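Here are my notebook entries on side-chain contacts, written up for a fellow modeller. I went through charges and rings, then two single residues.

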Amino acid sequence: MFRYDNSYELKLTKTPEGYLEGYAIATRTGVFKYRKSDGTTQNELRIAEEVFNEDAINSFKLLPITNDHPGEEVTSDNAKELAIGYTGEDIKRQDNYLLTKLKITDKKTIDEINSGKRGLSYGYKVELVKEDGIYNGEKYNYIQKNIRGNHLALVYQGRAGDKARLKLDEEDAFCVFNKFNNLTMKKIRLDGEDYEVQEKVYGKLDSLESSNSEL
C-alpha cells in the first residue's frame with residue numbers, strides 16, 4: 001500500500017544561496033484515517049516499533065521533495081523532473097515524532113512557500129496487517145508494517161490542519177496559510193493594506209477598476 005502522512009509546524013531559515021532549510025516531522029506514532037477507493041475509510045495504527053525501526057528511519061533519509069504529490073511513485077526515472085529539494089541524512093526521534101532535516105532549492109517553490117504554501121505531506125509504502133483494537137482511545141482496523149519513505153510533498157493543507165505547515169523566520173515573509181488545495185490566490189491593495197483573494201475574485205475587481213477608470 002502507498003500512504004500519505006503529514007508534518008507539523010516548523011521553522012525554516014534562508015541560506016546565503018537563497019535556499020530554505022530546516023527540520024520537518026517525517027512521521028509519528030498513532031492512529032490515522034485513510035479513504036479507500038470505494039469511498040469508505042479505515043483506521044490504521046503506526047506503533048513505535050515500526051516507526052522507529054532502524055530500516056524505517058533510514059528510508060526517510062535523502063528523499064526527494066516534490067511540489068504537491070505526483071501521480072506516481074518517485075523513482076530514478078522521474079526524480080530529476082519532480083524534485084525541488086531533498087531531505088537530509090540528519091534524522092532523529094523526538095518523543096513520538098521522527099524529525100529529518102530538509103532543504104528546498106527551487107526558486108518557484110520557495111516563492112510559493114513565501115506566499116503561503118506551507119503544508120508538508122510524506123508519501124510512503126507500508127504493509128497492512130489486519131487487526132482490530134484500540135490505541136490511546138482510538139479504534140483501528142489495521143497495523144502499518146515495514147514503513148518505507150518515498151518522497152516529501154509540499155502541499156497547501158495537510159491532515160493536521162493549521163499545524164501541518166512550515167514556518168519561516170524572515171520578518172518580511174508573507175505568512176497567510178491557504179486552507180484550500182489547488183487554489184490560486186492573488187494579492188490586492190485596498191486603502192494602503194495588502195489582502196489575498198481568490199484569482200476569480202481578483203479578476204472581477206480588476207474589471208471593476210477598469211470600468212471605473214473609464215467613467
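**Entry 1: ground rules.** I call a salt bridge a side-chain nitrogen of Lys or Arg within 4 Å of a carboxyl oxygen of Asp or Glu. This is a predicted model, so I kept local features only at pLDDT of at least 70 and side-chain atom pairs only at pLDDT 80 or more, while totals for chains, interfaces and linings use all residues. Residues are numbered from 1 along each chain as its sequence is written, and side-chain values use heavy atoms, with hydrogens and water left out.

**Entry 2: salt bridges.** I looked up the network first: salt bridges link D68, K108, E112 and K117. My count by this rule is 8 salt bridges.

I then turned to E50, which pairs with K145 at 3.7 Å between the closest N and O atoms. E50 belongs to helix 1 (residues 48-51) and K145 to strand 10 (residues 138-155), so this salt bridge ties together parts 95 residues apart in sequence. Helices (H or I, at least four residues) and strands (E, at least two) are DSSP runs here, numbered from the N terminus. For accessibility I take buried as under 20% relative accessible area, exposed as over 50% and partly exposed as in between, using a 1.4 Å probe and protein chains only. E50 is buried at 14%, whereas K145 is partly exposed at 25%.

Next I checked K125 and E73, whose side chains form a salt bridge at 2.8 Å, N to O. K125 sits in strand 9 (residues 119-135) and E73 in the loop between strand 6 (64-67) and helix 3 (79-82), so parts 52 residues apart in sequence are tied together. Both partners are partly exposed: K125 has a relative accessible area of 37% and E73 one of 34%.

How far apart in sequence are K107 and D111 in helix 4? They are 4 residues apart, about one turn of that helix (residues 107-114). Their salt bridge is 2.9 Å, N to O. K107 is exposed at 56%, and D111 is partly exposed at 34%.

**Entry 3: rings.** Rings of Phe, Tyr and Trp (its six-membered ring) pair if their centres lie within 6.5 Å; planes under 30 degrees apart are stacked, over 60 edge-to-face, and the rest tilted. I found 1 aromatic pair. F60 and Y122 make it, edge-to-face, with 5.3 Å centre to centre and 75° between the planes. F60 is in the loop between helix 2 and strand 6 and Y122 is in strand 9, so the pair ties together parts 62 residues apart in sequence. Both rings belong to buried residues, F60 at 1% and Y122 at 0%.

I also looked for charges over rings, meaning NZ of Lys or CZ of Arg within 6 Å of the ring centre and within 35 degrees of the ring normal. The charged end of K92 is over the ring of Y23, 4.7 Å from its centre. Likewise, K130 has its charged end over the ring of Y142, at 4.8 Å from the centre.

**Entry 4: two single residues.** T66, in strand 6, is buried at 1%. I count a contact when heavy atoms are within 4.5 Å. Leaving out residues up to four places away, T66 touches several residues, including V74, L82 and H151.

I57 lies in helix 2 (residues 54-59) and is buried at 19%. Beyond four places in sequence, I57 contacts V51, F52, I91 and L98. I also noted 9.0 Å between the C-alpha atoms of I57 and R93, 36 residues apart along the chain.
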